[in-house]
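This report considers cysteines and charged side chains in a protein chain. Please study the sequence and the structure before reading on.

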Amino acid sequence: TCCMVFVVGRKINERGGEILMKKLIIALLTGFAGMAFCAARPNIIVVFTDDHGYADLGALKIREDVKTPNIDAMAGDGVICSSGYVTAPQCAPSRAGLMSGRYQQKFNFDHNLEGPLPLNEVTIAERLKKVGYKTGMVGKWHLEVHAASLRWAIENKVPTFVSKRGRKLAKINFEMMEKFFPQHQGFDEFYKGEHDSYWANYGMDGKNLKPDGQWVKPGGYRLDIQSDAALAFIERNKKDPFFLYLGYYAPHTPLEATEKYLSRF
């Protein structure tokens, strides 16, 4: 079975501008063409790192003290695309552009305080489902409606209030947020979360949870949780062509690590 892995992340150039290696649609098309000798539908994994510095990858050979052997191995066996530019220098709109393949300004998602990703935008997952892929999402989503989504709140007649800090916010409840979770954007399976609480429809043991999702608290270090959830998805779907979007909530703050990782330095 063939598998293509795209590692993308926001990076900082010499002048401090944020750049994103995320011309994913073009990359997918190029990858499919270049792997014609493989299965008709190779597995696809997109690993999306959050606030990852340009110098913070060993494969780019900028800092000798940065050790990223696994990503470096993928780069060595693949292609480094160094001329892709971000559609937005912030997290949420960048994700919206990545998922939709469109400039996020076209659907009023200009910055982090807007959103959500509209349900009528066709995502990568929805396109791949049409050609027989099993689709999965793990980690940080950040494309749902939230308290700062005032444009959406006004359009949908959601009440607002002024916080103790004098900030105008919308009264968003979970039911409103859940309508824009991954399962409504083309993802069959999901383990959505950032720290220690995850909205999931399968468990680390590979068993099914509630089809529409439920809250789970697996415990442990956030990066290990997200890696284990990704491995569980792969194990569950290894017999079928699959697309996995793995959105690590790192190295975005909070800056933290377990002794296992700290002891390397």
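## Cysteines and salt bridges

Cys91 has a relative accessible area of 5% and is therefore buried, the limit for this class being under 20%. Cys81, by contrast, is partly exposed at 48% relative accessibility. The model is a predicted one, and a search of the whole structure finds 0 disulfides. A disulfide is a covalent bond between the sulfur atoms of two cysteines.

How many salt bridges does the structure hold? The number is 10, and the table presents three pairs, among them Glu121 with Arg102.

| Acidic residue | Basic residue | N to O distance |
|---|---|---|
| Glu121 | Arg102 | 2.8 Å |
| Asp188 | Lys129 | 3.0 Å |
| Glu189 | Arg236 | 3.0 Å |

Glu121 and Arg102 form a salt bridge through their side chains. Both residues lie in the loop between α3 and α4, and the pair ties together parts 19 residues apart in sequence. Glu121 is buried at 9% relative accessible area, whereas Arg102 is partly exposed at 35%.

Lys129 pairs with Asp188. Since Lys129 belongs to helix α4 and Asp188 to the loop between α6 and β7, this contact links parts that are 59 residues apart in sequence. Lys129 is partly exposed, with a relative accessible area of 39%, and Asp188 is partly exposed at 23%.

Glu189 meets Arg236 in a further salt bridge. Glu189 lies in strand β7 and Arg236 in helix α7, so the pair joins parts 47 residues apart in sequence. Glu189 is buried at 6% relative accessibility, while Arg236 is partly exposed at 25%. Elsewhere, Asp50, Arg95 and Lys140 belong to one network of salt bridges that share partners.

How values were computed: Residues numbered from 1 in each chain as written. Predicted model: local features only at pLDDT ≥ 70, side-chain atom pairs only at ≥ 80, totals over all residues. Heavy atoms only, no water. Disulfide = S-S within 2.5 Å. Buried < 20%, exposed > 50% of the residue type's maximum accessible area, 1.4 Å probe, protein only. Salt bridge = Lys/Arg side-chain N within 4 Å of Asp/Glu carboxyl O. Helix = DSSP H or I, 4+ residues; strand = E, 2+ residues; numbered from the N terminus.
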